[in-house]
Amino acid sequence: MKLKRILKWSSGLILLALVLWLFIAYWTSTNDCSRAATAPTNPMKAIRYCEYGSPDVAKLQDVAKPVPNDDQVLIKVRAASLNAFDAYVIRDSWLGRLIFGLRKPRDTRLGQDVAGQVEAVGKNPAAAGQFKPGDEVFGTCRGSLAEYAVTSGRGLVMKPPSVSFEDAASVPLAGLTALQGLREGKIQPGQKVLINGATGGVGTFAVQIAKSFGAEVTAVCSTRNVDLVRSIGADHVIDYTKEDFTRSEQRYDVIFDNVCNHSFAERRRVLTPKGICVLAGMGGAGVKGGEAIGRIASNIFTARARSSFTNQKFAQYRTKTSKQDLTTLGDLVETGKLRPVIEQTYKLSDAPEALRQLNGGHARGKLVITLN
């Protein structure tokens, strides 16, 4: 009886502590939007979102121009591009609130990819990447949907002179995801590689990078995108509106699955005996709510765990910022082996419209924001 009483009181205290933590976390979850009523002394234009909701919550605002700390670089942004992450952080979902702020988003900045010119460098040149004012750079940078942005030099490399700012800005996050994912699949020359979801930002890069590795590439896409994937080098194309690749007789050494809309058994069926399925994404910004969570759960907790008992592997990875990989991607673009697919460019003031297009799903390649 004493043990039951202890367990009862313990569970009650744990529940009370959890409720108290949620209450405090909710009301302390805030951002700097309330302090933006007064005009900044050194203003710049930037896209900010102060609340969760539709892409309409993203607004062009006057905010204070950032100042780099000792280890940072200040960039005059010439171009930025959108990724699915930019659509995810805005949405009003319980999972998003747990990650980005219960009551309001803690970080109101948008944008992950950047290309521009170095405006200033912090006092620690080694940590800032040894860049100097005037250098043309590209890489990863939180808050790149702005006239100026600051970031660590670890996420930046020099932009090849012959590559435009728009092309360079389209590369970083999607290109890193494709390159590192294909490496996770241990891709080799001559292998048969299938790219499921071949026409988004990551998919168009994955097709071309796989070709640069010497693979025989099959791209899965809709009818309207067949010509697009052929134009970027796909050897074979499967129109998913007419054919299910998991029911074909073809076997693949690597499946780069950017959609994850098939079961564990279906994908195993079309893998070679020691093939690898790389779990790269869940279908982009168009996949929402319960469907997105279901795909995450089925792949993280089911496919990957069950593959531990087979020779066929389901590999998961986290995209990492790498100066070496960014340099590799820049070289591929410069030599013409990698051609960024840009569906449309927008002015900074039209970024909310770009976010609406991204949020609708089925964007082809990248959407790029340009600044003069």
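This passage describes salt bridges, two helices and one strand of a predicted model.

Local features were considered at pLDDT of at least 70 and side-chain atom pairs only at pLDDT 80 or more, whereas totals for chains, interfaces and linings use all residues. Residues are numbered from 1 along each chain as its sequence is written, and side-chain values use heavy atoms, with hydrogens and water left out.

The structure contains 18 salt bridges, a salt bridge being a side-chain nitrogen of Lys or Arg within 4 Å of a carboxyl oxygen of Asp or Glu. One of them links glutamate 51 to lysine 104, with an N to O distance of 3.9 Å. Glutamate 51 is located in the loop between strand S1 (43-49) and strand S2 (58-64), and lysine 104 in the loop between helix H3 (94-100) and strand S4 (113-121), so this pair ties together parts 53 residues apart in sequence. Helices (H or I, at least four residues) and strands (E, at least two) are DSSP runs, numbered from the N terminus. Relative accessible area is 40% for glutamate 51 and 22% for lysine 104; both values fall in the partly exposed class, which lies between buried (under 20%) and exposed (over 50%), for a 1.4 Å probe and protein chains only.

A further salt bridge joins glutamate 119 and lysine 65 at 4.0 Å, N to O. Glutamate 119 belongs to strand S4, while lysine 65 sits in the loop between S2 and strand S3 (72-81), so the pair connects parts that are 54 residues apart in sequence. Glutamate 119 is partly exposed at 33%, and lysine 65 is partly exposed at 22%.

Arginine 142 pairs with aspartate 107, the closest N and O atoms being 3.8 Å apart. Because arginine 142 lies in the loop between strand S5 (136-140) and strand S6 (148-152) and aspartate 107 in the loop between H3 and S4, the salt bridge ties together parts 35 residues apart in sequence. Arginine 142 has a relative accessible area of 25% and aspartate 107 one of 24%. Asp56, Glu353 and Arg356 are joined into one network by salt bridges that share partners.

Of the 5 residues of S5, 4 are buried, so the strand is largely enclosed by the rest of the structure. S5 pairs with S4 in the antiparallel sense over 5 bridges, pairing requiring at least two bridges found by DSSP. Glutamate 136 of S5 is the bridge partner of glutamine 117. S5 also runs antiparallel to strand S7 (residues 156-158), to which 3 bridges join it; here leucine 156 of S7 is the bridge partner of glycine 139.

Helix H5 (residues 172-184) has 13 residues and an expected span of 18 Å, in agreement with the 18 Å between its end C-alpha atoms; the expected span is 1.5 Å times one less than the number of residues. In H5, 10 of the 13 residues are buried, so the helix is largely enclosed by the rest of the structure. Among them are Pro172, Leu176, Leu179 and Leu182. Lysine 186, which follows H5, has a positive phi near 55°.

Helix H10 (residues 323-334) has 12 residues, and its expected span of 16 Å agrees with the 16 Å between its end C-alpha atoms. Its buried residues are Asp325, Leu326, Leu329, Gly330, Leu332 and Val333. Viewed down the axis of H10, they fall within an arc of 160° and so line one face of the helix, the arc being that of the directions from the helix axis to the C-beta atoms. The buried residues of H10 are covered by elements including S5, S7, H5 and helix H6 (201-212). Glycine 336, which follows H10, has a positive phi near 85°.

Note on methods:
Contact means heavy atoms within 4.5 Å.
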